[in-house]
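Reader: Hi! I'm new to this one and would love a friendly tour. Could you pull it up for us?

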Amino acid sequence: MAANNLSRIAMRRLNFPKASRRFASSRLTERTPASSTIVPMTSRSFSTSFLSDHVEPEGMDHRMPVTKFTEDEEMVRDTARIWANQELKPLVRDMDNECKTRPEVIQGLFDHGFMGMEVPEDYGGSGMNFTSACLVVEELSRVDPSVSILVDIHNTLTNNAVRFWGSKQLKEKWLPRLASDCVSSFALSEAGSGTDAFAMKMNATQSEDGSYYTLNGEKLWISNSKEAGVFLVFANANPSLKHRGITAFMVDANTEGVYVGKPEKKLGLRASSTCPVVFDNAKVDAVDVLGQVGLGYKYCINILNEGRIGIASQQIGIAKGCLDIAIPYLNARTQFGTKLADFQGMEHQYAQIATEIHAAEVMTYNACRMKENGIPFVKEASMVKLYSSQVAEKAASKSIEWLGGIGFTQEILAEKFFRDCKVGSIYEGTSNIQLQTIAKRVKEEYREIA
């Protein structure tokens with residue numbers, strides 16, 4: 001499909017403001033000057049910086065950098081940024097205190113197409129790509145990571161699982177709703193199966209006539225559970241086969257026997273509901289099995305690999321959100337007759353953080369492009385989740401130091417980012433699990449060389 005058609009589709013589906021359209025168009029119509037004149041910057045001690053109108057040699061490969069986005073991707077990013085700053089930001093502190101995401105925020109996510117990013121237009125979705133979904137997660141996270149995780153889980157886990165493995169009937173039943181009015185929840189973890197996810201005890205017993213399954217068990221730490229209209233649930237339909245009996249089900253939240261417990265009182269991401277979910281003789285039709293019986297463990301592994309890239313986007317958003325607060329403050333506050341931002345000791349600190357954020361960005365959006373192009377990305381997904389969570393923690397901690405006393409108060413959101421980022425090294429695979437995955441892949445690569 002031609003790019004201009006994609007742009008029209010994007011603007012129609014995602015309700016882009018005119019400012020976003022102008023911005024995206026101007027970015028993509030820039031032209032390299034014919035001359036190659038070097039223009040020196042204003043003189044500055046110990047600096048080799050200069051501005052250059054660079055001309056590429058003939059025959060050079062014109063593939064774009066991974067952090068250069070298409071017109072549609074830029075429009076998605078800009079729309080998310082505008083909405084987050086204008087509509088979401090005024091509510092962040094209240095939602096954090098209330099430990100609840102406001103209904104109007106969730107409605108806004110649906111209205112702007114953020115909840116059906118990769119859902120095909122035929123099913124009422126935005127029909128965008130994985131990179132676009134991650135850009136939305138990043139921009140929302142710069143303002144409120146609690147809202148970004150709702151969007152991330154919904155898009156990268158549930159929506160994509162239904163797209164990849166759902167029957168035609170399941171797609172027709174759920175994709176239009178997932179894109180328009182139904183929040184989803186990914187129900188995997190249990191009391192005895194966190195990192196060891198396949199040690200789950202929840203079982204699914206098939207009826208004698210094979211028409212339905214009865215689910216029994218309890219899931220813990222389930223995000224989006226209070227708002228969810230549907231749960232993607234993993235249960236063992238044949239415990240004798242161990243993990244090869246694990247099966248995925250799409251379970252309507254209104255199903256008799258499904259009970260959502262009290263939200264956990266958490267350190268961070270307080271506006272994101274995290275609850276136990278009990279399944280007590282909950283009967284689920286056989287047609288609501290996602291994919292094939294016994295292949296749930298494979299679906300889970302595959303979809304969590306994608307989800308880790310989404311978490312990396314969230315962590316990058318947190319790190320950028322910290323700089324969004326700290327850098328203007330450093331530029332505005334003066335001590336000893338000098339702006340804080342101009343002290344060399346301070347310059348070196350925020351330059352280091354900015355460099356690490358950029359490195360995380362390059363890694364993350366490279367992983368996105370690998371995924372979109374069908375290139376194996378398991379190692380890279382683990383790397384970006386591991387590294388971005390480390391960068392977010394460092395940025396959040398340093399920004400509070402730079403802000404001084406005010407950073408330690410709730411007057412600004414720096415302390416919230418500090419609390420919110422910690423879970424990045426825990427959920428969707430702990431940092432130690434990411435290191436194990438990376439090590440395994442590195443050893444395999446060197447065995448192939450040998």
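Author: Happy to! Keep in mind that this is a predicted model. Let's begin with a pair of helices: α11 (residues 378-403) packs against α13 at an angle of about 140°, and their axes are 9 Å apart.

Reader: Cool. Is the crossing of α11 and α13 left-handed or right-handed?

Author: α11 and α13 cross in a left-handed way.

Reader: And which residues in α11 and α13 meet there?

Author: From α11 come Val378, Lys379, Ser382, Met383, Lys385, Leu386 and Ser389. They meet Ser431, Gln434, Leu435, Thr437, Ile438, Arg441, Val442 and Glu445 in α13. Sorted by type, the residues of this contact are six nonpolar, five polar and four charged.

Reader: Nice mix! Now α7 and α8: how do their axes cross?

Author: α7 and helix α8 (residues 168-180) have axes that come within 9 Å and cross at roughly 155°. Angles over 145 degrees count as roughly antiparallel, so α7 is roughly antiparallel to α8. The crossing is left-handed.

Reader: Which residues does α7 bring to α8?

Author: His154, Asn159, Val162 and Arg163 in α7 meet Leu170, Lys171, Leu175 and Leu178 in α8. That contact divides into four nonpolar, two polar and two charged residues.

Reader: What about α5 and α7, at what angle do they pack?

Author: Helix α5 (residues 103-111) packs with α7 at about 45°, and the axes are 12 Å apart. The two helices are therefore oblique to each other, and their crossing is right-handed.

Reader: Which residues meet between α5 and α7, and how do they divide by type?

Author: Val105, Ile106 and Leu109 in α5 meet Val147, Leu150 and Val151 in α7. The contact of α5 with α7 has six nonpolar residues, no polar and no charged.

Reader: Changing topic: how much space lies in the largest pocket?

Author: About 1300 Å³. The largest pocket is lined by 41 residues, and the closest to its centre are Gly194, Ile426, Tyr427, Glu428 and Gly429.

Reader: Which helices and strands supply at least two residues of that lining?

Author: α7 (145-165), β5 (212-223), α9 (296-332) and α13 (431-449) each do. So two helices we've met, α7 and α13, turn up in the pocket lining as well.

Reader: And how do the residues of the lining divide by type?

Author: The lining of the largest pocket has 20 nonpolar, twelve polar and nine charged residues.

Reader: One last stop. Where is Arg244 found?

Author: Arg244 sits in the loop between β6 (228-236) and β7 (246-252).

Reader: Leaving aside its neighbours within four places in sequence, what is Arg244 in contact with?

Author: Gly294 and Tyr297. Arg244 and Tyr297 are 53 residues apart in sequence, yet their C-alpha atoms are 6.9 Å apart in space.

Reader: Lovely, thanks for the tour!

Technical notes
Residues are numbered from 1 along each chain as its sequence is written. This is a predicted model: local features need pLDDT of at least 70, side-chain atom pairs count only at pLDDT 80 or more; totals for chains, interfaces and linings use all residues. Side-chain values use heavy atoms; hydrogens and water are left out. On a 1 Å grid over the protein atoms alone, a cavity is a set of points where a 1.4 Å probe fits but cannot get out, and a pocket is an open set with protein on both sides within 12 Å along at least five of seven lines; lining residues have an atom within 4 Å of a point. Grid points are joined across faces, edges and corners, and a volume is the space filled by probe spheres set on the points. Helices (H or I, at least four residues) and strands (E, at least two) are DSSP runs, numbered from the N terminus. Ala, Val, Leu, Ile, Met, Phe, Trp, Tyr, Cys and Pro count as nonpolar, Asp, Glu, Lys and Arg as charged, and the others, Gly among them, as polar. Axes are lines fitted to C-alpha atoms, for helices over the stretch in contact, and angles run from 0 to 180 degrees between N-to-C directions. Angles under 35 degrees count as roughly parallel, over 145 as roughly antiparallel, 65 to 115 as roughly perpendicular and the rest as oblique. A crossing is left-handed if the near helix is turned anticlockwise from the far one by less than a right angle, and right-handed if clockwise. Contact means heavy atoms within 4.5 Å.
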